[in-house]
Amino acid sequence: MEKGKGLARRWAVEFAESSALSSSSSSGIPDPLGYNISLHDLDDSTVARQKKDAEAAWKSQKAWEVAQAPFKNLMMMGFMMWMAGSTVHLFSIGITFSALWQPISALQGVGKVFEPYKDSRVDTITPKLLFIALNLAGLGLGVWKLNTLGLLPTHPSDWVSSLAPALEVEYSGGGLLIN
Amino acid sequence: MAARFFLGFLILLLHSIISCGVYEDQVGLADWHQRYIGKTKHAVFHSHKTGRKRVVVSTEENVIASLDLRTGDIFWRHVLGENDPVNQVEISLGKYVITLSSEGSVLRAWNLPDGQLIWESVLQFSAPSRSLLHVPTKFGLERENLVFVFGGGWLHAVSSIDGEKIWKKELYTEGLDIQQVFQQDDSDILYAVGFLDSLQFVAYHISVKNGEVLEESKKSFPSGFYGSMLLVSQDILVALDASRSSIVLINFARGSVSFHETYISDIVPEVAGIVEIVPSKLSGLFALRTDASLVLFRFNSIGELVVENTFSHPTILSDSISITEGHQVFAVMQHAETKVHIAVRFVNDLTSDALKETIELHPQRGNVQKVFINNYIKTDRSHGFRALLVMEDHSLLLVQQGKIVWSREDGLASVVDSTTSELPVEKDGVSVAKVEHSLFEWLKGHMLKLKETLMLATPDDIAAIQEMRLKSSEKTKMTRDHNGFRKLIIVLTKAGKVFALHTGDGRVVWSLLLRSLRISEGCECPSALKLSQWQVPHHRAMVENPSVLVLAKCGPDFLQSGVFSIIDSYTGKVRSSQKLPHSLLQVIPLPFTDSTEQRLHLVIDSNFEAHLYPRTPDSIDIFLREISNIYWYAVDSVEGIMKGYSFNSKCKADMEDEYCFNSKELWSIIFPAHSEKLAIIATRKMNEVVHTQAKVIADQDVMYKYISKSLLFVATISPKAAGEIGSVTPEEAWLIAYLIDAVTGRILHRVIHQGAQGPVNAVVSENWVVYHYFNLRAHRYEMSVIEIYDQSRADNKDVLKLVLGKHNLTSPISLYSRPEVVVKSQSYFFTHSVKVMTVTTTAKGITSKQLLIGTIADQVLALDKRYLDPRRTANPTQSEKEEGIIPLTDTLPIIPQSYVTHSLQVEGIRGIVTIPAKLESTTLVFAYGVDLFFTRIAPSRTYDSLTEDFNYALLLITIVALVAAILVTWVLSEKKELRDRWK
């Protein structure tokens with residue numbers, strides 16, 4: 001009921017409707033006012049079960065959707081990385097670090113993400129695993145990018161670049177004779 | 001990862017910078033330049049006319065200079081080449097300076113006011129002889145204004161107007177030694193007198209007009225002559241006989257020669273020992289120097305010798321000058337402790353003095369060695385005199401009216417060796433007033449700078465800013481600074497004087513004329529050799545002063561004993577000085593210090609015995625512990641032999657001296673004398689720090705450098721090609737470069753450059769050698785680089801092992817393990833010829849290196865080592881480009897902005913010294929020659945500090961403004977929110 005109308009009259013019964021309603025009843029006697037046969041027919045427990053099933057289905061569907069969400073992200077990240085190139089500069093470093101940061105933060109909040117879909121009848125483990133796997137893949141992509149940028153110490157040069165020269169046991173001095 | 005970042009950053013930096021030039025207003029901020037002339041040999045005054053009074057001098061550093069008589073400043077100066085020594089200098093016609101150089105073969109005339117070269121004549125030269133220059137004093141208008149030159153066996157008459165050779169006459173026979181060329185009263189006859197085989201007196205009378213020998217008179221003197229003769233009066237010469245026991249008067253008037261011999265003992269019985277004629281020209285008088293005194297003689301009217309005066313030592317006489325017609329004066333300088341008595345006397349009447357003065361001299365100047373006098377007319381029409389004194393420490397002083405008008409430290413033109421010393425640590429307790437003052441100054445300075453930045457400064461302000469920057473008290477403080485820019489440069493000069501120069505402004509902090517290096521009994525001809533750091537206290541830096549070691553030798557002979565002096569670096573006082581009981585063939589500073597942080601030194605004597613200094617039980621303990629690992633090598637450049645030695649036992653000759661050790665020959669390399677002549681040896685600097693043993697190359701690969709302190713670079717050239725460039729064909733010339741390990745004598749690498757000729761200059765640093773020579777085939781100078789890598793370490797590429805530290809890359813290695821080396825080399829053309837070459841050194845060896853090249857134009861050029869990379873290729877790959885490899889070119893570029901000396905010249909450059917500052921990016925550079933130059937350079941720019949002209953005030957103001965803005969906007973936003981809520 002609309003607000004504006006409510007000010008004029010508090011309630012109203014539409015008698016003209018009863019004929020339409022009565023036709024649906026089996027006895028031909030019109031149903032009392034406010035009586036709805038359809039509600040009366042269904043069993044209480046069945047309704048509840050059906051409702052829960054629907055919710056569970058919806059929840060599990062949503063959980064799967066959430067679990068698959070990083071995949072899109074992954075694709076986008078891949079594209080961005082490809083765009084960034086393999087030289088070290090501000091853009092590529094930014095992209096790489098966001099590619100690393102996103103999966104890490106997502107993994108940290110993996111419980112929170114699936115919190116709304118938690119249910120005894122909903123299996124959230126598999127979507128969770130998928131979610132984690134996809135995020136790990138994203139992380140892997142980030143690390144791979146980091147490596148292609150040459151920012152990971154995976155080469156011997158990274159470990160010896162500040163290695164002090166070896167000490168010599170012998171010492172020799174001298175030169176041209178002073179004449 | 002951080003290292004990677006840093007590397008990437010560095011690469012970015014390297015790409016952005018190539019030059020390191022200075023802006024015009026930065027000149028003089030960190031650099032200083034001092035101009036010197038060297039020890040004066042001759043001086044000619046020019047003070048007759050009105051205008052600038054000057055004195056023209058020629059020096060032992062082959063400099064001709066015109067000095068301002070009022071201030072001692074240089075009006076103009078010319079540094080002749082190293083092998084073009086000035087023999088004589090005269091002023092002709094009152095406007096030309098005539099110089100005779102290169103043993104009398106080059107005659108030049110310079111314009112007196114501005115020093116421009118008017119003309120130059122190269123004279124004929126047939127045999128080395130004395131070189132004499134005679135410039136007639138009076139020029140007639142109709143005369144041709146000739147100057148007469150004797151040199152190389154030829155007598156030349158040269159027009160002083162244009163240098164045209166009017167006539168020449170060869171006066172050369174075997175054994176003839178022409179000693180004087182002179183005219184009598186500007187007559188038309190020129191006399192050339194000399195000795196033939198020191199037995200015969202010869203006089204040539206030569207026509208001035210055409211050079212014809214009018215008369216030749218000879219007379220033999222059976223007992224022979226000693227040394228040189230002296231012209232006493234117009235036709236009388238004085239000489240000593242061969243035994244130096246009698247004075248011989250030679251009268252050659254009018255063609256007849258007569259000798260008159262007088263025994264010295266007859267006239268001065270007290271004279272004993274060796275006598276010598278003093279070469280001062282005293283017109284009528286002459287002086288004899290004996291062991292004990294100086295005796296002045298005169299001829300009396302009947303031609304007999306009369307003793308006029310006897311002076312005790314040390315006494316110096318000047319030449320005589322004529323002040324008025326018939327009046328000649330000369331100066332007598334006599335020492336009395338730190339005072340010098342100057343007396344100017346008339347030649348005719350020795351009893352009265354024209355002038356008598358006493359001046360106080362700085363004790364570190366030593367004795368007067370030469371004196372030149374000049375007269376002037378005072379306002380009261382009397383005669384005044386000024387005297388130019390050349391001191392024992394090679395400084396030049398002008399004395400006038402009993403005062404030293406000016407002095408020049410020209411000993412600094414002949415620096416032999418140099419070292420550095422840190423300044424004292426700043427003590428606490430600086431007064432508050434000083435801090436406040438400096439704070440005010442600081443603020444004021446920064447406000448001015450801010451104005452400049454905002455372009456609000458007036459020209460006056462800009463001048464004030466420049467003034468402030470140049471005269472900042474910060475740089476001349478006598479304490480250590482945080483960046484290590486302030487230091488003392490200690491230099492040893494040829495005169496045996498040690499100077500400490502402040503790096504801030506180049507002033508002399510202290511100077512010391514070493515007593516031990518002065519001529520004394522048993523040390524006839526002392527020569528300063530080497531300066532080395534003796535003690536550098538670190539633990540007790542607050543209470544103990546560092547000290548330096550000065551080594552000298554008593555004579556040119558290798559058997560002469562040495563002198564060993566230790567000098568305090570802060571005060572310039574001699575701590576100890578001793579004459580070594582043995583000779584001095586080699587000095588080896590060892591990499592050890594004793595408990596008082598005195599550096600151990602080995603002095604090798606001519607018997608190849610090593611003497612250990614300091615002589616303390618502590619040092620011997622250290623030495624004996626390390627004795628089996630200490631070696632030494634000797635290079636004999638004349639014989640072409642290199643030998644390596646070890647130490648084994650105590651000296652056999654003297655069993656009691658426990659500081660003496662025998663050396664045992666281990667190896668020798670003999671260069672065949674017919675095909676190789678030693679040109680140069682070069683080693684790494686002892687104090688060079690190398691940051692890393694690995695070189696990261698493209699694609700994150702790694703190469704291990706061969707870093708050895710005993711790496712020796714030796715270059716030999718073919719003996720035929722030892723002369724001038726172009727004297728041999730390319731087929732006859734070659735250069736052989738060796739890399740030798742000085743411990744084992746192993747030749748690591750040998751390369752032959754066909755058609756290459758010296759002079760060779762080389763520099764060794766880290767794992768590379770750069771050498772410079774002339775390529776006869778290409779007719780160009782060339783620079784070659786050899787980089788040495790250790791192949792036996794190349795397998796250390798397992799990341800896991802490196803991560804876990806399971807490698808032996810840093811464990812001590814023995815050179816007897818015969819490491820396998822590979823070399824990479826490349827040659828490039830270089831435009832300049834090179835006088836000296838060195839490399840920058842930094843505190844930790846991280847900063848990239850630059851070669852500092854002293855060019856033929858006496859400038860210092862900085863050349864990035866990256867240009868001398870053997871791995872340069874014509875088309876470097878992307879990763880090689882990232883590494884910083886420059887595409888290959890055949891010539892090394894010379895970028896005008898990379899001249900370290902910018903517009904200045906370090907005349908006669910002989911050495912460049914690089915000193916690491918505490919700041920890793922910065923190197924201090926000290927170049928010496930006739931001039932001194934100091935600056936600091938940053939080969940990769942100052943990446944570790946803000947530049948000096950960074951505007952702190954602007955930064956501060958920006959921060960304050962930002963904070964204020966944040967506060968204001970915060971308050972405003974709060975208010976707005978409140979207002980919104982009330983709605």
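**Exercise 1. A loop residue with an unusual backbone angle**

Find where Ser102(B) is located in this predicted model, and describe its phi.

*Solution.* Start with the location: Ser102(B) belongs to the loop that connects β7 (96–101) and β8 (106–111) of chain B. Next, read the backbone angle: phi of Ser102(B) is near 55°, a positive value in a residue other than glycine. To place this in context, recall that most residues other than glycine have a negative phi.

**Exercise 2. A hairpin in chain B**

Work out in which sense β50 and β51 of chain B pair, and then look at the residues between them.

*Solution.* Begin with the strands themselves: β50(B) covers residues 694–697 and β51(B) covers residues 701–704. They pair in the antiparallel sense, over 4 bridges. For one example of residues facing each other, take Ala694(B), which stands opposite Tyr704(B) of β51(B). Finally, turn to the connection: the hairpin has 3 residues between its strands, and Asp699(B) takes a positive phi near 60°.

**Exercise 3. Two cis peptide bonds**

For the cis bonds that lead into Pro614(B) and Pro759(B), name the partner residue, give omega and say which element or loop holds the proline.

*Solution.* Take Pro614(B) to begin with. Its cis peptide bond is to Tyr613(B), with omega about -5°. Pro614(B) sits in the loop between β45 (609–613) and α5 (617–626) of chain B. Now move on to Pro759(B), which is joined to Gly758(B) by a cis bond with omega about 5°. Pro759(B) is part of strand β55 of chain B, residues 756–765. As background, most peptide bonds are trans.

**Exercise 4. The surroundings of a glycine**

Gly28(B) lies in a loop; which elements flank that loop, and which residues does Gly28(B) contact beyond its sequence neighbours?

*Solution.* The flanking elements are α1 (2–16) and β1 (32–34) of chain B. Setting aside neighbours within four places in sequence, you will find Gly28(B) in contact with Leu470(B) and Lys475(B). One further step is to check a C-alpha separation: Gly28(B) and Thr935(B) are 907 residues apart along the chain, yet their C-alpha atoms are separated by 8.7 Å.

**Exercise 5. A salt bridge within a helix**

Show how Lys62(A) and Glu65(A) are related in sequence and in space.

*Solution.* Both residues belong to helix α4 of chain A (residues 44–84), and they are 3 residues apart, about one turn of the helix. In space, the closest N and O atoms of Lys62(A) and Glu65(A) are 3.5 Å apart. The cut-off for a salt bridge is 4 Å, so this pair qualifies. Over all chains, the structure holds 32 salt bridges.

**Exercise 6. Where two domains of chain B meet**

Chain B is divided into four stretches called domain 1 to domain 4; describe how domain 1 touches domain 2.

*Solution.* First, set the bounds. Domain 1 is 410–426 + 479–582 and domain 2 is 428–477. The contact involves 8 residues of domain 1 and 6 residues of domain 2. The buried area is about 560 Å², with carbon and sulfur atoms giving 38%. Of the area that domain 1 buries against domain 2, Glu426(B), Arg486(B) and Gly504(B) supply 66%, more than any other three residues. Then count the interactions: there are 0 salt bridges across this interface, but 2 residue pairs are in polar contact. By class, the domain 1 side has 1 nonpolar, 3 polar and 4 charged residues.

**Exercise 7. The contact between the chains**

Build up a description of how chain A and chain B meet, from the overall area to a single pair of residues.

*Solution.* Chain A brings 31 residues to the contact and chain B brings 57 residues. Together they bury about 4,000 Å², of which carbon and sulfur atoms give 64%. On the chain A side, Glu170(A), Tyr171(A) and Ile178(A) lose the most area, together 20% of what that side buries.

For the interactions, count 0 salt bridges between the chains and 21 residue pairs in polar contact. Two elements of chain A give two or more residues to this side, α8 (156–160) and β1 (171–176). β1(A) gives the most, with 6 residues. By class, the chain A side has 16 nonpolar, 12 polar and 3 charged residues.

Lastly, zoom in on β1(A): this strand pairs with β46 of chain B (residues 630–636) in the parallel sense, over 6 bridges. Within that pairing, Gly174(A) has Tyr633(B) as its bridge partner.

How values were computed. Residues numbered from 1 in each chain as written. Chains lettered and ligands numbered in written order. Predicted model: local features only at pLDDT ≥ 70, side-chain atom pairs only at ≥ 80, totals over all residues. Heavy atoms only, no water. Domains from an automatic or database assignment. Contact = heavy atoms within 4.5 Å. Buried area = accessible area lost by both parts, 1.4 Å probe. Nonpolar A, V, L, I, M, F, W, Y, C, P; charged D, E, K, R; others polar. Salt bridge = Lys/Arg side-chain N within 4 Å of Asp/Glu carboxyl O. Polar contact = N/O pair within 3.5 Å; in protein donor to acceptor, adjacent residues only side chain to side chain. Pairing = 2+ DSSP bridges.
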